[in-house]
Amino acid sequence: MSVHDELTSVQRTLDELFRSLGRLEKQLGTGGLEMRRVRADANHLRESVALLRDAAATPAAPKRPDLVTISDAPYDPSLWVDSDDEGLGARDRRAP
């Protein structure tokens, strides 16, 4: 199946879910916390499927990461003043 067919199938299933929820609400009432949570979850599913449908309609081109050029010039030695040597600690102290 294509993505469009799958999304259409999901949409039909969601429509059936909403019809079933409507029937349940007639029997149980809409005031219960559980029914409100199920209704909210179903609404979130509907919104998510709409977002998926929009994303499938306009596929994004693969984005290449921005390249960063690194100069071959030596670093300024003042950058390393008061730095620790990895694994050795500070320059004016001896290693453990």
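**Exercise 1. Determine which element the buried residues of helix 1 pack against.**

*Solution.* The buried residues of helix 1 pack against helix 2, residues 33-57. Here, buried means under 20% relative accessible area, exposed means over 50%, and partly exposed lies in between, with a 1.4 Å probe and protein chains only. Helices (H or I, at least four residues) and strands (E, at least two) are DSSP runs, numbered from the N terminus. The model is predicted: local features need pLDDT of at least 70, side-chain atom pairs count only at pLDDT 80 or more, and totals for chains, interfaces and linings use all residues. Residues are numbered from 1 along each chain as its sequence is written, and side-chain values use heavy atoms, with hydrogens and water left out.

Step 1: identify the residues concerned. In helix 1, the buried residues are Leu 7, Leu 14, Phe 18, Leu 21 and Glu 25.

Step 2: place them in the whole. The protein has two helices and zero strands, and buried residues make up 9% of its 96 residues.

Step 3: consider the contacts, where contact means heavy atoms within 4.5 Å. Of the contacts with a separation of 6 or more, 49% come from residues 24 or more positions apart.

**Exercise 2. Compare the expected span of helix 1 with the distance between its end C-alpha atoms.**

*Solution.* Step 1: the expected span of a helix is 1.5 Å times one less than its number of residues.

Step 2: helix 1 comprises 26 residues (3-28), so it should span 38 Å.

Step 3: the end C-alpha atoms of helix 1 are 36 Å apart, which agrees with the expected value.

Step 4: inspect what comes next. Gly 29 follows helix 1 and has a positive phi, near 90°.

**Exercise 3. State how many salt bridges the structure holds, and examine those that involve Arg 46, Glu 25 and Glu 16.**

*Solution.* Step 1: apply the criterion, a side-chain nitrogen of Lys or Arg within 4 Å of a carboxyl oxygen of Asp or Glu. The structure holds four salt bridges.

Step 2: take Arg 46, which pairs with Asp 15, the closest N and O atoms being 3.4 Å apart. This pair links distant parts of the chain, with Arg 46 in helix 2 and Asp 15 in helix 1, 31 residues apart. Arg 46 is partly exposed at 32% relative accessible area, and Asp 15 is partly exposed at 26%.

Step 3: take Glu 25, which forms a salt bridge with Arg 39 at 2.7 Å between the closest N and O atoms. Glu 25 lies in helix 1 and Arg 39 in helix 2, so the pair ties together parts that are 14 residues apart in sequence. Glu 25 counts as buried because its relative accessibility is 18%.

Step 4: take Glu 16, whose side chain meets that of Arg 19 in a salt bridge of 3.0 Å, N to O. Both residues lie in helix 1, three residues apart, about one turn of the helix. Glu 16 is partly exposed at 35%, as is Arg 19 at 45%.

**Exercise 4. Identify the residues that make the nonpolar surface patch.**

*Solution.* Step 1: patches are made of residues with over 30% relative accessible area and no salt bridge; like charges are joined within 9 Å, and nonpolar side chains (Val, Leu, Ile, Met, Phe, Trp, Tyr) within 5 Å. Accessible areas come from the Shrake-Rupley method with a 1.4 Å probe; for residues, only the protein chains shown count as cover.

Step 2: Val 68, Ile 70, Tyr 75, Leu 79 and Trp 80 make a patch of about 630 Å².

Step 3: Ile 70 lies in the segment after helix 2 and counts as exposed, at 66% relative accessibility.
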